[in-house]
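Let's take a walk through this fold together, helix by helix and then down to a few side chains. Have the sequence and the 3D view open side by side.

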Amino acid sequence: MKQNVLDVLIYLFENCMDEDGDPALDQPALAAQLAEVGYPGNAIERAFGWLEDLTARCADHGSVVGDGRPSALRCYLDAEQEILGKAGRGFLLFLEQRGILDPLTRETVIDRVMALESEAVDLEQLKWIIMMVVYNQPGREGSYALMEDMVYDETRGQLH
């Protein structure tokens with residue numbers, strides 16, 4: 001069930017966002033469309049809540065964009081370590097060292113991963129979450145473009 005929340009989020013991101021980053025339809029219409037596609041109502045509601053929390057968290061950060069360098073070593077809680085795994089934590093560090101994520105954005109990503117209440121998030125799923133987070137943050141267009149390339153290049157490679 002919890003996996004369906006991320007599936008709903010990916011579906012929304014791929015099919016229902018317009019060029020300005022707003023859903024192309026209102027929430028009731030989107031919920032009806034998602035239900036028609038076959039997603040369970042509980043997953044749809046949780047996905048909308050997840051997006052609302054993301055929007056609120058990104059709005060709280062405003063347009064503050066860091067310099068891309070980590071300001072401190074991030075110590076992960078046991079639950080975060082389990083859900084992200086070594087590969088996920090390493091990938092977050094890699095992105096932060098490359099300036100794709102700043103510490104504030106990294107924390108938003110971790111918050112959104114934990115909000116899924118999943119037992120584990122694999123690297124492909126983490127990339128989607130990161131892409132959704134940076135998409136919703138002003139001033140991170142370059143980071144979004146890089147994440148989009150990572151997500152869709154890997155997806156294209158799997159299709160062949």
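What follows goes from the overall layout to a bent helix, its charged partners, and a few contacts across the chain.

Before anything else, keep in mind that you're looking at a predicted model. The protein chain has seven helices and zero strands, so if you trace the sequence from start to end you read α-α-α-α-α-α-α. The chain has 160 residues, and 40% of them count as buried.

Start with α4, residues 78–97, and look at its two ends. With 20 residues, a straight helix at 1.5 Å a residue would reach 28 Å, but the end C-alpha atoms of α4 are only 23 Å apart. Where does α4 have its kink? Centre your view on G85: the kink there is about 95 degrees. Now colour α4 by burial. Its buried residues are E80, I83, L84, G88, R89, F91, L92, L95 and E96. Keep E80 and E96 in mind, since both come back below as members of a salt-bridge network. Just past this helix, α4 is followed by G99, which has a positive phi near 85 degrees.

Next up is α5, and here the end-to-end span is a different story. Its 13 residues reach 18 Å from the first C-alpha to the last, close to the 18 Å expected at 1.5 Å a residue. The buried residues of α5 are P103, T105, R106, T108, V109, I110, R112 and V113. What follows α5? It is E117, again with a positive phi, this one near 55 degrees. E117 is a residue other than glycine, which makes the positive value worth a look. You'll find E117 in the loop between α5 (103–115) and α6 (123–135). With a relative accessible area of 48%, E117 is partly exposed, because anything between the 20% limit for buried and the 50% limit for exposed falls in that class.

Now for the charges. Side chains of opposite charge can pair when their charged atoms come close. The structure holds eight salt bridges, and α5 is a good place to look for some of them. Take E107 and R74, whose side chains meet in a salt bridge at 2.6 Å, N to O. This pair ties distant parts of the chain together: E107 sits in helix α5 and R74 in the loop between α3 (41–61) and α4, 33 residues apart. As for accessibility, E107 comes out at 23%, so E107 counts as partly exposed.

Then turn to R106 and E96, which form another salt bridge, this one at 2.7 Å, N to O. This pair also links distant parts of the chain, with R106 in helix α5 and E96 in helix α4, ten residues apart. Are R106 and E96 buried or exposed? Both are buried. If you select R74, E80, E96, R106 and E107 together, you have a network linked by salt bridges.

One more charged pair is worth a click: R112 and D111 meet in a salt bridge at 3.0 Å, N to O. Their surroundings differ in accessibility. R112 has a relative accessible area of 4%, so R112 is buried, while D111 is at 28% and therefore partly exposed.

Let's go back to α4 and see how it passes α6. Two packed helices are described by the angle between their axes and the distance between the axes. For α4 and α6, the axes come within 10 Å and cross at roughly 40 degrees. The two helices are therefore oblique to each other, and α4 passes α6 in a right-handed crossing.

To finish, here are two pairs that are separated in sequence. G142 lies in helix α7 (residues 141–159), and at 47% relative accessibility G142 is partly exposed. G142 and I100 are 42 residues apart in sequence, with 7.8 Å between their C-alpha atoms in space. The other pair involves Q33, in helix α2 (residues 27–37). Q33 is partly exposed, with a relative accessible area of 26%. Its partner here is C16: Q33 and C16 are 17 residues apart in sequence and 9.8 Å apart in space, C-alpha to C-alpha.

Notes:
Residues numbered from 1 in each chain as written. Predicted model: local features only at pLDDT ≥ 70, side-chain atom pairs only at ≥ 80, totals over all residues. Heavy atoms only, no water. Helix = DSSP H or I, 4+ residues; strand = E, 2+ residues; numbered from the N terminus. Buried < 20%, exposed > 50% of the residue type's maximum accessible area, 1.4 Å probe, protein only. Expected span 1.5 Å × (residues − 1). Bend = angle between axes of the 7 residues up to and from the residue. Salt bridge = Lys/Arg side-chain N within 4 Å of Asp/Glu carboxyl O. Axes fitted to C-alpha atoms, helices over the stretch in contact; angles between N-to-C directions. Parallel < 35°, antiparallel > 145°, perpendicular 65-115°, else oblique. Left-handed = near helix turned anticlockwise from the far one by under 90°.
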